[in-house]
Amino acid sequence: MNVDAISAYLCALQDRIVSELERLNGGRFRRDRWERAEGGASPPGGGGGDTRVIEGGGLFERGGVAFSHVRGARLPPSASAVRPELAGRGFEALGVSLVLHPRNPYVPTVHMNVRCFVATREGEAPVFWFGGGMDMTPYYGFEEDCVHFHRACKAALDPFGAELHPRFKRWCDEYFFLKHRNEPRGIGGIFFDDFHEPGFERCFALMQSVGDHFLPAYVPIVERRSALAYGERERDFQAYRRGRYVEFNLVYDRGTLFGLQSGGRTESILMSLPPLVKWRYDWKPEPGSAEERLYQEFLRPRDWV
């Protein structure tokens with residue numbers, strides 16, 4: 001198990017993604033390096049990270065690409081919920097997480113995360129697992145974009161077994177679902193967590209493949225849609241749908257819960273939230289509209305590949 005190799009890959013992945021996003025946006029990301037005090041967190045820990053953020057850009061109204069590598073004396077409840085036998089162990093966690101909220105409503109919001117956890121206890125062998133995935137949240141649906149995104153997700157997993165894509169796609173559909181709204185957050189993608197069965201090297205390789213396929217999955221969609229004209233109607237609907245994103249991240253998202261429960265850096269944890277959001281009481285889309293079509297044809301589990 002080589003944590004240094006994982007860290008090196010993740011830092012290089014962050015650099016590569018930020019460089020391409022700066023090319024698309026035409027503006028620079030702000031870089032914010034931070035440290036987590038050894039004894040100052042609750043629970044105590046250490047480590048730090050590198051948060052890259054852009055706000056008010058021509059393409060990305062807000063975007064963040066964050067690397068973190070933190071340690072703690074006790075796994076937070078969100079990290080041991082699926083494997084309660086690990087509760088109480090120390091931990092080391094590292095990963096890259098990104099969320100991009102474009103200004104143009106025809107360009108979808110996107111999320112990607114790859115991470116590794118190591119649970120430790122004196123006198124016992126470390127226990128590792130990997131997690132991550134990517135998913136897309138359009139405001140206006142384009143079938144070719146959804147097909148392209150899901151094909152890229154499938155290509156990331158195919159070298160590791162034909163059974164993984166159906167499994168991880170279904171996992172994504174079930175995870176990124178707002179139970180209190182009875183609706184998906186977006187059109188899905190792939191999601192996996194607590195992944196350790198094939199052994200460390202193969203799990204690490206799979207995590208790298210997911211990270212490496214993010215730009216090919218998303219950039220062509222941005223390039224197709226970013227020049228489309230839009231008005232106040234589209235921006236208004238975008239702000240309304242962004243409210244669903246906020247609700248999911250604050251109520252259900254395991255990464256957000258882990259960060260807050262582990263005494264993480266709040267600014268970096270909540271960089272995923274969009275800058276402008278609206279809520280309305282019992283709003284319904286106009287029959288026959290593009291907004292209604294999003295609900296009827298896109299916001300439902302579907303075999304896009």
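The exchange below concerns cysteines and salt bridges in a predicted model.

Modeller: Residues are numbered from 1 along each chain as its sequence is written, and side-chain values use heavy atoms, with hydrogens and water left out. Because the model is predicted, local features need pLDDT (the predictor's confidence in each residue, from 0 to 100) of at least 70, side-chain atom pairs count only at pLDDT 80 or more, and totals for chains, interfaces and linings use all residues.

Biologist: What makes C146 a cysteine that is too far from another for a bond?

Modeller: A disulfide is a pair of cysteine sulfur atoms within 2.5 Å, whereas the closest cysteine sulfur to that of C146, in C153, is 11 Å away, and is therefore too far for a bond.

Biologist: Why does C146 count as buried?

Modeller: Buried means under 20% relative accessible area, exposed over 50%, and partly exposed in between (1.4 Å probe, protein chains only); C146 has 2% relative accessibility, so it counts as buried.

Biologist: Why is the contact of E143 with R302 called a salt bridge?

Modeller: The term requires a side-chain nitrogen of Lys or Arg within 4 Å of a carboxyl oxygen of Asp or Glu, and for E143 and R302 the N to O distance is 3.0 Å, so the pair meets the definition.

Biologist: What does the pair of E143 and R302 tie together?

Modeller: E143 lies in helix α3 (residues 143-157) and R302 in the segment after α10 (290-298), so the pair ties together parts that are 159 residues apart in sequence.

Biologist: Why is R28 called exposed?

Modeller: R28, which forms a salt bridge with E22, has a relative accessible area of 69% and is therefore exposed.

Notes:
Helix = DSSP H or I, 4+ residues; strand = E, 2+ residues; numbered from the N terminus.
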